[in-house]
Amino acid sequence: MKESVVTQFLIDITRGHLKEAYEKSSEDVIAAASLPDALRAAVRERDIGALWLAGVSPMALLYFSRAVGWSMERYYACITEAELRKVDRASSVPEARRGLPQKNR
Amino acid sequence: MIAAATVHFPYMTAWPEQAGPEHRDATHRGFERIGKAFADADVETLIVFTSEHIVNLQPRMAPAFIIGTGAVHASFPEPQFRLEPVARPGDPELACALVECLYANGLDPAHSSELQLDHGTTLPLQQLKVSADVRIVPVIINTLFPPLPTLRRCRELGAAVAAALRQNGMGRRVGMLATGGISHAVGQPGMDRNDPRFDAEFVDALVAGDLGKACAYPDSALDARGNGTHEIRSWIAAAAAMGSSRAEVVTAIPYVPGWYTGVYQMLWESL
């Protein structure tokens with residue numbers, strides 16, 4: 001599951017074995033990571049909304065947002081906005097095709 | 001045997017002043033009451049059913065249950081929550097006996113000699129003023145990375161731990177503590193509210209000893225009330241361990257403005 005891979009990467013750079021290296025050179029660490037291209041770009045651009053929509057663990061995402069200097073208010077505003085976009089998108093899909101919200105636990 | 005359950009949200013230590021004095025005092029009285037009950041029972045080893053916040057558990061290794069067998073449990077530094085980084089003594093002998101007993105009885109928890117305790121465990125221990133010489137055996141339940149252990153399996157875990165203690169408690173005076181929940185969200189929209197109706201219904205089920213009802217929630221129902229709600233697994237384990245013991249609600253505050261959640265605490269004492 002690609003969201004697990006990104007979740008693990010965010011944990012590694014915020015509180016794991018890549019923390020120091022990421023602080024020293026985030027670009028090198030991101031470039032070397034085994035991430036899908038779209039999610040690599042989202043991490044590089046600190047696109048919390050895109051990472052949220054990809055189903056990354058909320059707690060790992062919160063730690064990442066703190067590590068890059070975001071306030072709690074900014075973080076919650078961003079994911080709330082992303083969630084609204086998701087709901088908007090889902091409402092244009094027939095009800096029978098909507099899945100259960102297994103992500104974003 | 002004695003057991004208790006309590007919430008562990010860090011607002012109460014990080015920003016106590018955000019709650020009104022009546023809620024703050026009621027919460028402190030609850031901790032005092034449970035702490036005294038543990039002290040009066042002269043508890044030597046405290047088994048803590050707990051959840052955590054990405055300290056030991058990660059997607060690359062997320063067992064359903066981990067029992068801490070270390071001689072010492074370091075604490076994960078969380079100065080932002082005004083928690084003292086106190087290392088707690090473990091009880092390797094009892095913890096290993098517990099693991100062996102669970103294996104013999106059909107449950108297979110992971111075990112680790114190097115767990116770090118975060119606020120899920122350190123906050124209640126600090127607030128309860130658990131003496132520094134009380135040995136701690138953490139039982140971490142994966143409430144973070146799905147698939148999660150089922151509520152039914154957590155019930156079985158609690159019952160199996162109690163059976164193991166009856167079989168080989170090594171003569172210790174053992175207490176149990178469950179920490180976490182009840183409904184709340186962390187890192188998700190809705191972190192400023194809980195679901196008081198759900199919380200009351202869940203606590204009522206535990207008080208009534210109706211674990212069938214407490215374990216009947218599908219994960220989707222817990223998801224809908226916030227990811228932190230999965231921490232009810234700890235409460236279920238403690239309730240199952242205490243079986244038909246007398247259960248009492250120590251604190252029940254449906255919602256605390258400023259702390260953005262409810263405060264619930266329970267105590268079980270053997271008849």
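**Interface and folds of a two-chain model**

Modeller: Between chain B and chain A, about 1900 Å² of area is buried, and carbon and sulfur atoms give 62% of it. The model is predicted: local features need pLDDT of at least 70, side-chain atom pairs count only at pLDDT 80 or more, and totals for chains, interfaces and linings use all residues. Residues are numbered from 1 along each chain as its sequence is written, chains are lettered from A and ligands numbered from 1 in the order in which they are written, and side-chain values use heavy atoms, without hydrogens and water.

Colleague: Why is the area between chain B and chain A called buried?

Modeller: The term denotes accessible area (1.4 Å probe) that two parts lose on being put together, summed over both, and the value for chains B and A is therefore a sum over the two sides. The size of an interface is often given in this way, as the accessible area lost when the parts come together. In chain B, the residues that lose the most area to chain A are B:I54, B:G187 and B:P189, together 27% of what that side buries.

Colleague: How many residues of each chain take part in the contact?

Modeller: Chain B contributes 21 residues and chain A 23, where contact means heavy atoms within 4.5 Å. By class, the side of chain B that touches chain A has twelve nonpolar, six polar and three charged residues. Here Ala, Val, Leu, Ile, Met, Phe, Trp, Tyr, Cys and Pro count as nonpolar, Asp, Glu, Lys and Arg as charged, and the others, Gly among them, as polar.

Colleague: What makes A:D12 and B:R60 a salt bridge?

Modeller: The term requires a side-chain nitrogen of Lys or Arg within 4 Å of a carboxyl oxygen of Asp or Glu. The closest N and O atoms of A:D12 and B:R60 are 2.8 Å apart, so the pair qualifies. The rule finds one salt bridge across this interface, while the structure holds 20 over all chains. Another pair is A:E81 and A:R85, at 3.4 Å from N to O; both residues lie in helix α7 (residues 72-91) of chain A, four residues apart, about one turn of the helix.

Colleague: Why are β6 and β10 of chain B called edge strands?

Modeller: The open sheet of eight strands in chain B has the order β6-β3-β8-β2-β9-β1-β11-β10, with mixed pairing. Each of β6 (110-112) and β10 (246-256) has a single partner strand, so one side of each is left without a neighbour in the sheet. From one strand to the next, the twist averages 15°. Strands (E, at least two residues) and helices (H or I, at least four) are DSSP runs, numbered from the N terminus.

Colleague: How do you know that β1 and β11 of chain B pair?

Modeller: Two strands pair if DSSP finds at least two bridges between them. Five bridges join β1 (residues 2-6) to β11 (residues 261-269) of chain B, so the criterion is met, and the two run antiparallel. Within this pairing, B:L267 is the bridge partner of B:A4.

Colleague: What is notable about the backbone at B:I54 and B:P147?

Modeller: B:I54 has a positive phi of about 65° although it is not a glycine, and it is found in the loop between β2 and β3 of chain B. The peptide bond from B:P146 to B:P147 is cis, with omega near 0°, and B:P147 is found in the loop between β8 and α5 of chain B.

Technical notes:
Axes are lines fitted to C-alpha atoms, for helices over the stretch in contact, and angles run from 0 to 180 degrees between N-to-C directions.
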